[in-house]
Amino acid sequence: MKYTTIIDIAQTLGISKSTVSRALRGDNQNVSKETKQKILAMAEKMGYTRNELAVNLRRQSTRTIGIVVPELQTPFYMNFIACAQQELNKEGYRIILAQSDENPDIELSNLQMFQDCRVEGILISVCHTKRNLEIYQRIIKKRHTYGIL
């Protein structure tokens, strides 16, 4: 799937990508009102959406928390997820949700996915085994915010 980029908008309008970036960020000092309106109209026409990966890279923060639960059928976990998401959203965080099925291999895969996505914290209901203890310790050492249910 091809996403519209700032460069695509800039090339279409024949202006610099810096000007497009400033306009999309709401800069009113360095971009004229007319230019900004053209850019915003073209961005909408082309279906532009902000690239969160690029934003996260620039600010060195994902504002994302990973949550691993054993299953999604139990009301306890559904309530926990809803409450956690509500509180995290208030603080400007998003969540990535994963299910472990009480399987340490799936749990390990979920934890690796969270690390790959550079989550800033993990809330986890750990499996009953101690098989992934080493990875928990490694994550804690990396100074991730880590909550254990």
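Here, buried means under 20% relative accessible area, exposed means over 50%, and partly exposed covers what falls in between, with a 1.4 Å probe and protein chains only. The model is a predicted one, so local features need pLDDT of at least 70 and side-chain atom pairs count only at pLDDT 80 or more, while totals for chains, interfaces and linings use all residues. Residues are numbered from 1 along each chain as its sequence is written, and side-chain values use heavy atoms, with hydrogens and water left out.

To start with the overall layout, the chain holds seven helices and four strands; both are DSSP runs numbered from the N terminus, helices being H or I over at least four residues and strands being E over at least two. Read from the N terminus, the order of elements is α-α-α-α-β-α-β-α-β-α-β. The radius of gyration comes out at 20 Å, whereas a compact globule of 149 residues would sit near 15 Å. That figure is taken over C-alpha atoms, and the globule rule is 2.2 Å times the number of residues to the power 0.38. Laid along the principal axes, the C-alpha atoms fill a box of roughly 60 × 30 × 30 Å. Of the 149 residues in the chain, 35% are buried.

Two of the buried residues give a feel for the inside. Ile67 belongs to strand 1 and counts as buried because its relative accessibility is 0%. Its C-alpha is 10.0 Å from that of Phe80, with the two positions 13 residues apart in sequence numbering. Phe114, found in helix 6 (residues 104-116), also has a relative accessible area of 0%, so Phe114 is buried. Phe114 and Val68 are 46 residues apart in sequence, yet their C-alpha atoms are 9.7 Å apart in space.

Next come the charged pairs. A salt bridge is scored when a side-chain nitrogen of Lys or Arg is within 4 Å of a carboxyl oxygen of Asp or Glu, and the count comes to three. One of them joins Lys2 to Asp8, with the closest N and O atoms 3.2 Å apart. The two partners sit differently with respect to solvent cover: Lys2 is exposed at 67% relative accessibility, and Asp8 is buried at 19%. Another salt bridge links the side chains of Glu52 and Arg50, at 2.9 Å from N to O. Glu52 counts as partly exposed because its relative accessibility is 26%. Glu87 and Lys90 make up a further pair, their closest N and O atoms being 3.1 Å apart. These two are three residues apart in helix 5, so about one helical turn separates Glu87 from Lys90. Glu87 is partly exposed at 45%, and Lys90 is exposed at 58%.

On the surface, patches are built from residues with over 30% relative accessible area and no salt bridge; like charges are joined within 9 Å, and nonpolar side chains (Val, Leu, Ile, Met, Phe, Trp, Tyr) within 5 Å. Arg25, Arg58, Arg59 and Arg94 form a positive patch. For charge, Lys and Arg count as positive and Asp and Glu as negative, with His and the chain ends not counted; the charge is placed at NZ of Lys, CZ of Arg, CG of Asp or CD of Glu. Within this patch, Arg58 lies in helix 4 (residues 52-59) and is exposed, because its relative accessible area is 58%.

A nonpolar surface patch is made by Leu72, Met78 and Leu97, which together offer about 230 Å² of accessible area. Such areas come from the Shrake-Rupley method with a 1.4 Å probe, and for residues only the protein chains shown count as cover. Met78 is in helix 5 (residues 75-90); at 41% relative accessible area, Met78 is partly exposed.

Finally, the backbone. Most residues other than glycine have a negative phi. Arg63, though, has a positive phi near 55 degrees. Arg63 is in the loop between helix 4 and strand 1 (64-69), and is partly exposed, with a relative accessible area of 27%. Glu102 likewise has a positive phi near 55 degrees. Its place is the loop between strand 2 (94-99) and helix 6, where Glu102 is partly exposed at 32% relative accessible area.
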